[in-house]
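User: I have a chain to study and would like to go through it by question and answer. Where should we begin?

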Amino acid sequence: MAGYDLTLLDQVRKNLEEEKTRVMGRLATVSSQDPFADPDRLTDNASSETEAFEESNHDRVAAQTEELKTQIAALDDALVRIGSGTYGFCNNCQRMIDTDRLMIYPEATLCVSCEKKREK
């Protein structure tokens with residue numbers, strides 16, 4: 001199974017690693033904004049309005065954290081696929097994924113055709 005040019009894959013690997021670093025930095029920033037991370041919160045006798053605000057912010061941070069962790073997992077998966085020689089091949093039909101798709105969504109695991117079938 002012939003794959004992508006090694007020079008191209010090295011550049012993709014570098015871009016994926018840079019993106020992972022960026023996303024991990026964003027994760028650290030978002031996590032630091034979680035009001036539930038403050039140990040003094042438990043003893044601060046805050047009003048119910050403040051408690052509701054903190055809970056709302058915690059829920060927002062939790063959702064963002066989960067999304068960022070999902071992105072990191074997808075980036076890790078793409079890096080593993082580069083290392084194993086399976087990067088750029090559809091997990092469903094094993095055909096090469098169009099390079100335009102990979103340029104836009106480098107973590108893609110399905111070709112456009114299989115992605116459309118999955119969405120139906």
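Analyst: This is a predicted model. A starting point is E115, which is buried, with a relative accessible area of 15%.

User: Which side chain meets E115 in a salt bridge at 2.5 Å, N to O?
Analyst: Side chains of opposite charge can pair when their charged atoms come close. The partner of E115 lies, like E115, in helix α4, and the two are 3 residues apart, about one turn of the helix. At 55% relative accessibility, this partner counts as exposed. The side chain that meets E115 at 2.5 Å, N to O, is that of R118.

User: Which side chain forms a salt bridge with E115 at 3.6 Å, N to O?
Analyst: E115 lies in helix α4 (residues 112-119), while this partner lies in helix α3 (residues 99-104), so the salt bridge ties together parts that are 14 residues apart in sequence. Both residues of the pair are buried. The side chain at 3.6 Å from that of E115, N to O, belongs to R101.

User: Which residues are linked with E115 in a network of salt bridges?
Analyst: E115 meets R101 in one salt bridge and R118 in another. The residues linked with E115 in the network are therefore R101 and R118.

User: What is the N to O distance in the salt bridge between R81 and D77?
Analyst: R81 and D77 are 4 residues apart in helix α2 (residues 48-84), which means that about one helical turn separates them. R81 counts as buried at 5% relative accessibility, whereas D77 counts as partly exposed at 35%. Their side chains meet at an N to O distance of 3.1 Å.

User: How many salt bridges does the structure hold?
Analyst: The pairs discussed so far include R81 with D77 and E115 with R118. The count for the structure is 7.

User: E107 is buried yet has no salt bridge; how far away is the nearest side chain of opposite charge?
Analyst: E107 sits in the loop between α3 and α4. Not counting residues up to four places away in sequence, E107 touches A74, L75, A78 and R81. R81 also carries the nearest side chain of opposite charge, but a salt bridge needs a nitrogen within 4 Å of a carboxyl oxygen. The distance from E107 to that side chain is 7.6 Å.

User: How many helices and strands does the chain have?
Analyst: Read along the sequence, the chain follows the pattern α-α-α-α. The totals are 4 helices and 0 strands.

User: Which element gives the most residues to the largest nonpolar core?
Analyst: In soluble globular proteins, nonpolar side chains tend to be buried together. The largest nonpolar core here has 22 residues, and those with the most contacts inside it are L16, Y87, C90, I97 and L102. The elements that give two or more residues to this core are α1 (6-32) and α2. The one that gives the most, with 7 residues, is α2.

User: What does I97 contact, leaving aside its neighbours within four places in sequence?
Analyst: I97 is among the residues with the most contacts inside the largest nonpolar core. Leaving aside neighbours within four places in sequence, I97 is in contact with Y4, G88, F89, C90, L102, A108, T109, L110 and C111.

User: How far apart in space are V61 and S31, C-alpha to C-alpha?
Analyst: V61 is in helix α2 and counts as buried at 2% relative accessibility. Besides S31, V61 touches V30, Q33 and D34, not counting residues up to four places away in sequence. V61 and S31 are 30 residues apart in sequence, and their distance in space, C-alpha to C-alpha, is 6.7 Å.

User: Which residue has a positive phi although it is not a glycine?
Analyst: Most residues other than glycine have a negative phi. The residue in question is found in the loop between α2 and α3 and is partly exposed, with a relative accessible area of 44%. With a phi of about 65°, the residue is Q94.

User: What accessible area do M103, I104 and Y105 have together as a nonpolar patch on the surface?
Analyst: Y105 lies in the loop between α3 and α4 and counts as partly exposed at 39% relative accessibility. M103, I104 and Y105 together have an accessible area of about 390 Å².

Conventions: Residues are numbered from 1 along each chain as its sequence is written. This is a predicted model: local features need pLDDT of at least 70, side-chain atom pairs count only at pLDDT 80 or more; totals for chains, interfaces and linings use all residues. Side-chain values use heavy atoms; hydrogens and water are left out. Buried means under 20% relative accessible area, exposed over 50%, partly exposed in between (1.4 Å probe, protein chains only). Lys and Arg count as positive and Asp and Glu as negative; His and the chain ends are not counted. Contact means heavy atoms within 4.5 Å. A nonpolar core is a set of buried Ala, Val, Leu, Ile, Met, Phe, Trp, Tyr and Cys residues joined through side-chain atoms within 4.5 Å. Patches are made of residues with over 30% relative accessible area and no salt bridge: like charges are joined within 9 Å, nonpolar side chains (Val, Leu, Ile, Met, Phe, Trp, Tyr) within 5 Å. Accessible areas come from the Shrake-Rupley method with a 1.4 Å probe; for residues, only the protein chains shown count as cover.
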